[in-house]
Amino acid sequence: MFLKNFFVNPRYSEKLKKLFELAYNIWSLWDDDALNLFERIDTNLFRKFNKNPVKLLHLINDDRMKELAKDEAFLYDLNNVWEKYKLYSEHNKIYADKFKDSAIAYFSMEFGLHKSIPIYAGGLGILSGDHIKGASDLGIPIIGIGLFYRYGYFDQRINPNGIQEEAYTENNVYYMPIKELKNSDGESVYITVNILGTKIKVKAWQITVGVIKLLLLDTNIEENPPEYRAITNYLYDADRDKRIQQEIILGFGGLRLLRKLNIKPAVFHLNEGHSAFLVIERLKGLVTDEKYTFNEAAGLIKSTSIFTTHTPVQAGNENFPVEMIKKYLKKDIEAMGVTFDNFIKYGAYNSKETFWLPVLAIKFSQYINGVSALHSEVSKEMWKDLFPNRVINEVPITNVTNGVHHSWLSNEMRNLFRRYIGPDYIYSGRNEDMLKRIPDIPDEEIWEAHMQRKREMVSFLRDTVKAEAVQKGFSVIKIKKIQEMLDVHTLTIGYARRFATYKRPTLLIHDKERLMNLITNTKRPVQIIFAGKAHPADLAGKNMIKEIIDYSKEYHVEDKLIFIENYNRKIAENLVQGVDVWLNNPIKPMEASGTSGMKAGMNGVLNLSVMDGWWPECYNGRNGWAITAGEIYDNQDLKDYAESQQIYDTLEEEIAPLYYERDDHDIPRVWVRMMKESIYSVYKNFTISRMLSDYTEKFYLPAAANNKKFLKNNGSYLKKLIDEHDRIVSFWSEIYIKNIYTDIDKHEDLYTNDTIQVECYVYLDDADSELFNVELCYYSEKQEKLEVSGLNFKEKYADKTGKYQGTLTLKSSGLQGINVRLVPANEDIKTMFPELIKWKDPSDQQ
């Protein structure tokens, strides 16, 4: 309609400059004093705008802004909040001095920072957002890299038939706490990415998260052809061409943006496989621009890369047909001096026709982790064929269990933490001296904090459902009934997550009559709140939503069993802070982590969960309940039946009686004791600060040290390493283990702590014996793990055979086994090239 659209910024008093700076920092959206400050400007408008301070300041009338500039009380509080932020930014953070000049680039497809920035779909994005916030708290120098989506993820609408429909709302970046990234001359920053022969211009945006920067890439630029402007329209676009284009922009464009800003990260963290094309861009730069050989570049990339996998099912991992990879990336790959066919092997897994992004990431990352202890074991099993000569417990996938940011605590709980634990609770989740004070918080205060939040949740949900009903044209009588739904004094169960078959959202209505008896129990009733979206293409997930809605209508319990439409962060905050019990019942072991349960648990909400994801690491019998009845069955129908019955039994016989057992002050003392145990156990071990401490100690600091070591003196050590690797490879096809001898047969019987002698002979050809180690591998069925020790080189004979000797102490009783294997002596080479391993073939003893 208009010839040209443009944006005009408000002109404001110099006295309000700090207010605008705070509005553009996400810190203000998790700090209570900052939030209260913005709410004072216009409470109704701030809440209407989803607590978006930028939109508030742009759309508030000019007269109100002039009033604020003259309001001494407001300006006094503004200065106090500003000083609080400065104190936060200058706080002696735990890792501030550990990294020096070593930055970490953190790539993720989505970031869930706040409801006013809807560029995330669910748990992965929320985790990425918490990762960035936690890095700010701890002083870890992370730079986030992601995409800015024009529409983001979809809004959910439930039609009159109970079927989910999708709608998309365009994000107005100018009303969000996001700024254009500008260079030192004040000019907007752009980079270009070539896709199918077209140079795509990509704009950079910046979000400030405490003291951390998150950079977002955007192709919605007028100069781009329409089909390429749309690359960053939708998160997880179902169009496979759009999806690969997005991931090229993320991987290629993210690194090019860092180069343009002259930022040289020492470490790269790939959060899921979506950003794995970063590997190709790094290889290309190191080979073509910095003149490293392919193996040198690969070694450097591997030693400085972290890959986090979140997907426990192989089919759910990102992959593309090889022909699509050829179509989009053949020229970039061949620019590295390797053939397309040779490179494509780095993404192959059990099929030559499919290219797996997580496989590419795994092969070029020294540090690989799952997001719970159980998920790490599942991931080892899933990807073990990438390491064919390794036993399962040597597959190099370790564990860093997820955590959640302290901002998920309710206002009421944060007040208790500040009063009884101290304000520094935000910096560390493992401080025993702090957290041991949790049991000392008076029961009355814990319970009142919970009940206050529960009252707020019920009020919020009533208003939310009422607004939907008015929009849909419901009758006055129906709208009046909505205002009476949910009873704040009734035991309330929350179930909110993506609706997918493996998550079994309908397990609770498996036995409809039995559930009905629980809901309508006159002495100990139960009410249930469901929320969650199904993927637009997931018909089974959509049908599960309909099944729940139909049940509540058929049994006339629409006021007690409720499905909340359009699940988002705001709804999530209310539920994890306000319900009494958090239900999680996926098919084990298909839940990688389950951070919603952590958010609930740290608020004193008790978990009722399958022993999957994070829960086996947290559950102690005093902080919630475990669903285990189906574990003995292989048949899924039997599992569903057994576990649904256990849920009903536990609710009926344990949970409801505990909740409704009150003392003279109407406080459920035993329940509150469990709440305290939940808060303590979750906050101690499942905060984002604990998670980031693990990443830092296990991965970030060692990877930064690798970067320094390999690049010192123009990469002399790296070049020496690859030269040594090349010498090993030149002999690899010739060398082999000839014989292994022990004195086991000389023992009449073997007992624990006996020592046996081991002698091994290896054909070394003309290779220097110092290039290799011979490892003695000892397995005890009782200990269920492989123990590895080295054999000592003794001499090399004229026939080029080397002799190795050692001893083995038998540490346990039972069935045991030994073998030997040949590996590179250099630990860096051994790590970089895990395929360099040769075992003695038991059938080939000479």
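**Figure 1. The largest nonpolar core of the predicted model.** In this predicted model, the largest nonpolar core comprises 279 residues, and the residues with the most contacts inside this core are F277, L575, W671 and Y700. Among the helices and strands, helix α27, which spans residues 688-732, gives the most to this core, contributing 15 residues.

**Figure 2. Surroundings of L575.** L575, one of the residues with the most contacts inside the largest nonpolar core, touches M457, L461, A496, I529, A531, Y567 and W582, when residues up to four places away in sequence are left out of the count.

**Figure 3. Overall fold and dimensions.** The protein contains 28 helices and 28 strands. Its radius of gyration is 29 Å, close to the 28 Å that the globule rule gives for 846 residues, so the protein is as compact as a globular protein of that length. Taken along the principal axes, the box filled by the C-alpha atoms is roughly 95 × 70 × 50 Å. Of the contacts between residues at least 6 apart in sequence, 73% join residues that are at least 24 apart.

**Figure 4. Burial, surface and charge.** Buried residues account for 58% of the 846 residues in the protein, while the area that the protein exposes is about 36,000 Å², with carbon and sulfur atoms supplying 48% of this area. The protein carries 110 positive and 119 negative side chains, and the centres of these two sets lie 5 Å apart.

Definitions and conventions. Residues are numbered from 1 along each chain as its sequence is written. This is a predicted model: local features need pLDDT of at least 70, side-chain atom pairs count only at pLDDT 80 or more; totals for chains, interfaces and linings use all residues. Side-chain values use heavy atoms; hydrogens and water are left out. Helices (H or I, at least four residues) and strands (E, at least two) are DSSP runs, numbered from the N terminus. The radius of gyration is taken over C-alpha atoms; the globule rule is 2.2 Å times the number of residues to the power 0.38. Buried means under 20% relative accessible area, exposed over 50%, partly exposed in between (1.4 Å probe, protein chains only). Contact means heavy atoms within 4.5 Å. Accessible areas come from the Shrake-Rupley method with a 1.4 Å probe; for residues, only the protein chains shown count as cover. Lys and Arg count as positive and Asp and Glu as negative; His and the chain ends are not counted. The place of a charge is taken as NZ of Lys, CZ of Arg, CG of Asp or CD of Glu. A nonpolar core is a set of buried Ala, Val, Leu, Ile, Met, Phe, Trp, Tyr and Cys residues joined through side-chain atoms within 4.5 Å.
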